[in-house]
Amino acid sequence: MPSALSGTLSYIKNFLRDQDVAAIAPSSSFLVRRVCKWIDFDRDQVIVEYGPGNGVFSEYILDRMTAGSTLLLIESNPEFVKMLEEMTAGDPRVAVVEDRAERIVDILQAHEIDAVDYIVSGIPFSFLDDDTKHTLLARTRDVLAKRGKFLVYQNYNHLEAPLREHFSEVTKEYEPRNIPPTMFAYEARK
Ligand SMILES: C[S@@+](CC[C@H](N)C(=O)[O-])C[C@H]1O[C@@H](n2cnc3c(N)ncnc32)[C@H](O)[C@@H]1O
C-alpha cells in the first residue's frame, strides 16, 4: 500500500490526466470505516468494488475478509490498475479488472459469479448521464444476492433520490472527515 503522501500524489497526477478519477486525494480512513461497517466480515462474501483507485477500501476489505471470500476490483484507470495488481499480487481471493463498472454483467459472467453480496462504489455518478446512471443502478441491483447491499459514497447528496428509485431501503450518513468534507455514504438494500 502506498504511503499517504505517495497515494495523494498519484491521485493528483491521475486527476489531471483523467477526469473520471474525480478526486485529488484517496478517501479518508473515517470514510472507509463508515462504509465498511455495513459489511459482515464473519462470513464468506463475494464483494465487488467499482472504482477502487489506489485501493484504500480494497486494502481495508482484504485485511478483514475471510479466506473463502472473493474481491473483484473494477477500475477504469490503467495506472490505478497497475497499482492494484501490485498491491494484491499473490492473493488468490482477488481479481483486478481494467474495465468500466457499466459492464458489470459481462464482467461477472466472465468470472463465473452468479450473485454478489456487496458492491462498494466510489465512481463519480454525477459524471454519468441520466440514462447511464439509471442503467448502472438497475444492473447493480440485479446482480446482488437477495440480501445483497450496494454501499456507495459520493460528494454531496445527489444520489439519494435515484438510489431510492432502485433499492428497497436506503440508509444515509454524512462523513465530514474527508477531503473534500462533503461525503455522503449510503447503504442501499436490494
Ligand atoms: C473518486 S475516485 C475514488 C477512488 C477510491 N475508491 C477512493 O475512495 O479513494 C473514483 C475512482 O473511480 C474510477 N472510475 C471512474 N469511473 C469509473 C467507471 N465507470 N468504472 C470503473 N472505474 C471508474 C476512477 O478511475 C477512480 O479511480
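Biologist: In this predicted model, what makes up the shell around the ligand, by class?

Modeller: By class, the shell has 13 nonpolar, six polar and four charged residues, where glycine is counted among the polar ones. In total 23 residues surround the ligand, and the closest are Ser 27, Gly 51, Gly 53, Asn 77 and Gly 122.

Biologist: How do you know that a residue belongs to those that surround the ligand, and which helix and strand each supply at least two residues of the shell?

Modeller: A residue is counted because its C-beta atom, placed from the backbone, lies within 6 Å of the molecule. Helix α3 (56–64) and strand β2 (70–75) each supply at least two residues of the shell.

Biologist: Why is Glu 112 called exposed?

Modeller: Glu 112 has 6 C-beta neighbours inside 10 Å, and the cut-off for an exposed residue is 12 or fewer, so Glu 112 counts as exposed. Glu 112 lies in the loop between α5 (104–110) and β4 (116–121), and its phi is near 55°, a positive value in a residue other than glycine.

Biologist: What makes Tyr 156 exposed?

Modeller: Tyr 156 has 11 other C-beta atoms within 10 Å; set against the limit of 12 or fewer, that count makes Tyr 156 exposed. Tyr 156 lies in the loop between β5 (144–155) and α7 (160–166), and its phi is positive, about 65°, although Tyr 156 is not a glycine.

Biologist: Which kind of peptide bond joins Ile 179 and Pro 180?

Modeller: The bond is cis, with omega about -5°, and Pro 180 lies in the loop between β6 (169–175) and β7 (183–189).

Methods: Residues are numbered from 1 along each chain as its sequence is written. This is a predicted model: local features need pLDDT of at least 70, side-chain atom pairs count only at pLDDT 80 or more; totals for chains, interfaces and linings use all residues. Helices (H or I, at least four residues) and strands (E, at least two) are DSSP runs, numbered from the N terminus. A residue is buried if 20 or more other C-beta atoms lie within 10 Å of its own, exposed if 12 or fewer, and partly exposed in between; C-beta atoms are placed from the backbone.
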